[in-house]
Amino acid sequence: MAESRTATLTIDGKDYQLPVLSPTEGPDCIDIRKLYGQADVFTYDPGFTSTAACDSTITFIDGDAGVLLHRGYPIEQLASRSHYLEVCYLLLNGELPSAADLEKFEMTVTRHTMIHEQMHNFFRGFRRDAHPMATMVGVVGAMSAFYHDSLDINDPHQREVAAFRLIAKMPTIAAMAYKYSIGQPFVYPRNDLDYAANFLHMCFAVPAEPYDVNPVLARAMDRIFTLHADHEQNASTSTVRLASSSGANPFACIAAGIACLWGPAHGGANQATLEMLRQIGTPDRIPDFIEKVKDKSSGVRLMGFGHRVYKNFDPRAKVMKQTADEVLDLLGVQHNPLLQVAQELERIALQDDYFVSRKLYPNVDFYSGIILEAMGFPTAMFTPIFALARTVGWISQWKEQLADPQLKIGRPRQLYLGQSMRDYIEIENR
Ligand code: ACO
């Protein structure tokens, strides 16, 4: 990281020189690490809108240009020419694999797909109507009680094993959470299938009859995984990093990430988008809905629109839309009423000054729900699918953080606006 210039901050007539760090891509960063020690001030940035909390070499986003790069490679190229496990290798290791490296990597992931048999009992402790995200938070956290030989974060081999376990077992856990919620038997992984096809098999096969995975659907599933694999320092990734900064074990950290992802402003948006499309129902009801969204007092947002970083377009949304067309075409549901509502909503919103002036465009979740629903997933499974795909991003960032010799526990400061010190008053005197 180059440091060639300084910024001058003047407080009460006194100058403080702050180093300016230049990244490979993106805006320069003013290094304020020593500011508190020198000037006795904090910086104030709720929501981290202008704060870089770490340095990273994994993913770069240019929100104004609609660019998303993993280790330098554009997401559009990875989504069309690569596949999920190769992208996992790239995120984890920094370079595309050779054919031999990829084969070995895929083999290792495949060999870790089963979960400890005793964990089946753990699933059975949940209510049948539990949201699969609730089950996933619990089960992934509980992995730390089952895999004691991959908890030592100071041992690089154990870190590696934990990474493989999480990437390999997450589809099994997500599929089991689903099967449990619908009262069907768990389906064991099949190591002759690829990662995405195996997930569809575990979700949709039943022991009573054969199930053939449709290759077009497996490809679409793989693409959805690829498009969600990583997204630099978003809320759930930052949660994983913050949890990890205290030295927490990998399964606890990823469970924290899953919990954060669940919220409707983040990964829960795909479920919320589909529920919104259903609630609108037909294209003629869109104008009323748009009016409600524009009325701030209604508290209604256009789900699947807007992004903290993308202020032009979300490059993932473009690929997702194409995938939606392919899947709906295959399944012969081009006239799906939800798709018609989504298309019309997008058309109207993109012309409306409210959305245009605020740079609100469809994000990755606007179309992913429609694809997943067409594939047969209930809305409650949308966010678990996002979580399983994002696991590799969380782990890559976790590994990068632990390898950083400057690692410190994350400890934000605050602008305290509460009472100054005052004396306790006895209850009879209040
Ligand atoms: N619908 C209506 N208005 C919106 C929306 C929306 N979806 N998103 C932002 N706005 C408005 C805000 O009301 C605000 O208006 P104002 O300037 O008049 O006050 C302005 O646009 C800026 O919004 P912020 O909330 O400051 O933007 P922020 O960057 O904090 O929020 C977020 C980003 C949370 C994604 C937001 O756009 C949103 O809630 N979108 C809907 C949920 C969603 O789709 N989330 C998925 C994100 S992608 C992902 O996690 C995979």
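What volume does the second largest pocket have? In this predicted model, the second largest pocket has a volume of about 220 Å³. Its lining is made up of 13 residues, and those closest to the centre of the pocket are His83, Glu106, Asp194, Tyr195 and Asp222. Four helices, namely H3 (84-93), H4 (99-110), H8 (195-204) and H9 (215-227), each contribute at least two residues to this lining, and the largest share, three residues, is supplied by H9. Sorted by class, the lining of the second largest pocket holds six nonpolar, three polar and four charged residues.

The ligand is the second topic of this report. Around the ligand there are 22 residues, of which Lys296, Arg301, Leu302, Arg308 and Tyr354 come nearest. The shell that these residues belong to divides into 11 nonpolar, five polar and six charged residues. Pairs of polar atoms between protein and ligand are listed below.

| Residue | Protein atom | Ligand atom | Distance |
|---|---|---|---|
| Arg301 | side-chain N or O | oxygen | 2.8 Å |
| Leu302 | backbone N or O | nitrogen | 2.8 Å |
| Phe305 | polar backbone atom | nitrogen | 2.9 Å |

Taken alone, the ligand exposes 920 Å², and the protein buries 75% of that area. In the contact with arginine 301, the protein atom belongs to the side chain and the ligand atom is an oxygen, whereas leucine 302 uses a backbone atom to approach a nitrogen of the ligand, and phenylalanine 305 likewise places a polar backbone atom 2.9 Å from a ligand nitrogen.

How values were computed
Residues are numbered from 1 along each chain as its sequence is written. This is a predicted model: local features need pLDDT of at least 70, side-chain atom pairs count only at pLDDT 80 or more; totals for chains, interfaces and linings use all residues. Side-chain values use heavy atoms; hydrogens and water are left out. On a 1 Å grid over the protein atoms alone, a cavity is a set of points where a 1.4 Å probe fits but cannot get out, and a pocket is an open set with protein on both sides within 12 Å along at least five of seven lines; lining residues have an atom within 4 Å of a point. Grid points are joined across faces, edges and corners, and a volume is the space filled by probe spheres set on the points. Ala, Val, Leu, Ile, Met, Phe, Trp, Tyr, Cys and Pro count as nonpolar, Asp, Glu, Lys and Arg as charged, and the others, Gly among them, as polar. A residue is near a molecule or strand if one of its heavy atoms lies within 4 Å of it. A polar contact is a pair of N or O atoms within 3.5 Å; within protein, one must be able to donate a hydrogen and the other to accept it, and residues adjacent in sequence count only if both atoms are side-chain atoms. Accessible areas come from the Shrake-Rupley method with a 1.4 Å probe; for residues, only the protein chains shown count as cover.
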